[in-house]
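Welcome! Here is a short guided tour for anyone meeting this structure for the first time. Please have a look at the sequence and the model before reading on.

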Amino acid sequence: MDQTQRMRQESRAVWATVVCFLVGTGIGTLLLWGNPRPIAGDGSVGIPAAAVAGAIAAASFVVSTFLHRRGEHASMPRWQTIISAASAVALTIAFAGVTALGVLLASEVLGVGLQGLELPALGGGIVTGVASAVAGRLTFAAGIGLHTADLATLLFSYLVIGTLFAMLTAANPRWWETNFSQLGIGVGSWAFNGTLVVAGVLIATVGSYIGRDLHRILGDGALGRIAWVVALWAATGIALAAVGLFPQENIVLVHNIAAVSTLVLFVASGVLTTTVIPGPPWPLLITTVGVALLLVIAFVLADSFNLYSLTVLEAIVIGLGLLWLTTLVRVLAVLTPDASRPSARWSLLRG
């Protein structure tokens, strides 16, 4: 890509930011018209601002994708186009969810720091416009070019934002004495449960992009193994989404089965992906061994020595899992060519 083309893309991104700000400010002002509102809580600026910013972020990604990747599917077989389009839809949902939760978290924090502050309709509209402009700029850039490593970062950021927001709004302030599933119980449980559902969508999408990268590296000859990799990551995402769809307070057995299945499927997906990657590369092997050892130590310290609670153990397992996934996608980024690779096979099941 030459300098002129990059400058044209940057100009489009600037105009997209301006449009997102104006649209967000206008819609936000209309929705907040009336008496001044607090930053957070019932009847606040936060909820309408989050909804508007999330919708605009999703729209910005869709517009950018059509502008910059319009002809990408022209030479692809139908099955490859369908997978790519499904990933784009999943990303649109994820960007909306990440943006909305990010705005809600920011409003809760500002509500604590600026207690008593109330914003008139125009002030709330400008806040909405700023949130829409920031989110719209980021998602517009994602539509230009998105790598698997970017998705892993998005997944990590989203889980942190969603969990922090769920902590701030938890019905039981001592939830941490039991486990993370307690955040999905009671008033405000939608924050944690919704986070898990969208995170499940993101994990499935990460799996789709991992499959794309593996196909660019290995070609059509490895499509059978790549299909299994994508299917396992999709199953992992579905299992995680099920954890949020079936909260512990409603169906304990289904919730627990979904939670255990998520862990098992994540490990299975990681093992299969590692075997398909050429090599496999030393950085990934070292990280895998290190993470496995740390997990064993963490379980022993929690179970045999009772040094920390189940909640802390869950946090350690999730953190190490995301660390391993980040290493995986960064290694793939080194190995993967930038150019798209249309398949020569017109059927995924038959050569």
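What follows is a walk through a few parts of this structure, from its core to some single residues. Please keep in mind that this is a predicted model.

## The nonpolar core

Let us begin inside. The largest nonpolar core has 64 residues, and Trp233 and Leu325 are the ones with the most contacts inside it. Helix α6, which covers residues 189-218, gives the most to this core, with eleven residues.

What does Trp233 touch, not counting residues up to four places away in sequence? The list runs through Ile203, Ala204, Gly207 and Ile210, then Phe266, Ser269, Gly270 and Thr273, and finally Trp324, Leu325 and Leu328. Trp233 is also part of a cluster, in which ring pairs link it with Phe266 and Trp324.

## Aromatic pairs

A search of the whole structure finds five aromatic pairs. One of them is formed by Phe61 and Phe95, and this pair is tilted, with 5.0 Å from centre to centre and 55 degrees between the planes. Why does this pair tie together parts that are 34 residues apart in sequence? Phe61 lies in helix α2 (residues 46-68) and Phe95 in helix α3 (residues 78-113), so the pair ties those parts together. Phe61 counts as buried because its relative accessibility is 1%, and Phe95, at 8%, also counts as buried.

## How helices pack

Next come two helix pairs. α2 packs against helix α4 (residues 121-144) at an angle of about 25 degrees, and their axes are 7 Å apart. The two helices are therefore roughly parallel to each other, since angles under 35 degrees count that way. Their crossing is right-handed. On the α2 side, the contact is made by Ala49, Val52, Ala53, Ile56, Ala57, Ser60, Phe61, Ser64, Thr65, Leu67 and His68. On the α4 side, the residues include Thr128, Ala131, Ser132, Ala135, Gly136 and Phe140. Phe61 thus appears here as well, besides being part of the tilted ring pair.

The second pair is α3 with helix α5 (residues 148-168). Their axes come within 9 Å and cross at roughly 40 degrees, and α3 and α5 are therefore oblique to each other. This crossing is left-handed. Among the residues of α3 that meet α5 are Leu91, Phe95, Val98, Leu101 and Leu105. Their partners in α5 include Leu151, Leu154, Tyr158, Ile161 and Phe165. Phe95 is in this contact and is also the ring partner of Phe61.

## A few single residues

The table below brings together five residues, where each one is found and its relative accessible area.

| Residue | Location | Relative accessible area |
|---|---|---|
| His255 | helix α8 (residues 252-276) | 3%, buried |
| Thr287 | helix α9 | 17%, buried |
| Arg12 | helix α1 (residues 3-31) | 34%, partly exposed |
| Val18 | helix α1 | 34%, partly exposed |
| Asn306 | loop between α9 (282-303) and α10 (310-335) | 60%, exposed |

Leaving aside its neighbours within four places in sequence, His255 is in contact with Ser181, Val243, Phe246, Pro247 and Gln248. With the same neighbours left aside, Thr287 is in contact with Trp324 and Thr327. Trp324 belongs to the ring cluster with Trp233 and Phe266. The C-alpha atoms of Thr287 and Leu325 are separated by 9.8 Å, while the two residues are 38 places apart along the chain.

Arg12 touches Leu67, His68 and Phe140, not counting residues up to four places away in sequence. Those three residues also take part in the contact of α2 and α4. How far apart are Arg12 and Leu320 in space, C-alpha to C-alpha? They are 38 Å apart, with their positions 308 residues apart in sequence. Val18 and Leu164 are 30 Å apart in space, C-alpha to C-alpha, and 146 residues apart in sequence.

Finally, which sign does the phi of Asn306 have? Asn306 has a positive phi of about 50 degrees, although it is not a glycine. Most residues other than glycine have a negative phi. Asn306 counts as exposed, at 60% relative accessibility.

Technical notes
Residues numbered from 1 in each chain as written. Predicted model: local features only at pLDDT ≥ 70, side-chain atom pairs only at ≥ 80, totals over all residues. Heavy atoms only, no water. Core = buried A, V, L, I, M, F, W, Y, C linked by side-chain atoms within 4.5 Å. Buried < 20%, exposed > 50% of the residue type's maximum accessible area, 1.4 Å probe, protein only. Helix = DSSP H or I, 4+ residues; strand = E, 2+ residues; numbered from the N terminus. Contact = heavy atoms within 4.5 Å. Phe/Tyr/Trp six-rings, centres within 6.5 Å; stacked < 30°, edge-to-face > 60°. Axes fitted to C-alpha atoms, helices over the stretch in contact; angles between N-to-C directions. Parallel < 35°, antiparallel > 145°, perpendicular 65-115°, else oblique. Left-handed = near helix turned anticlockwise from the far one by under 90°.
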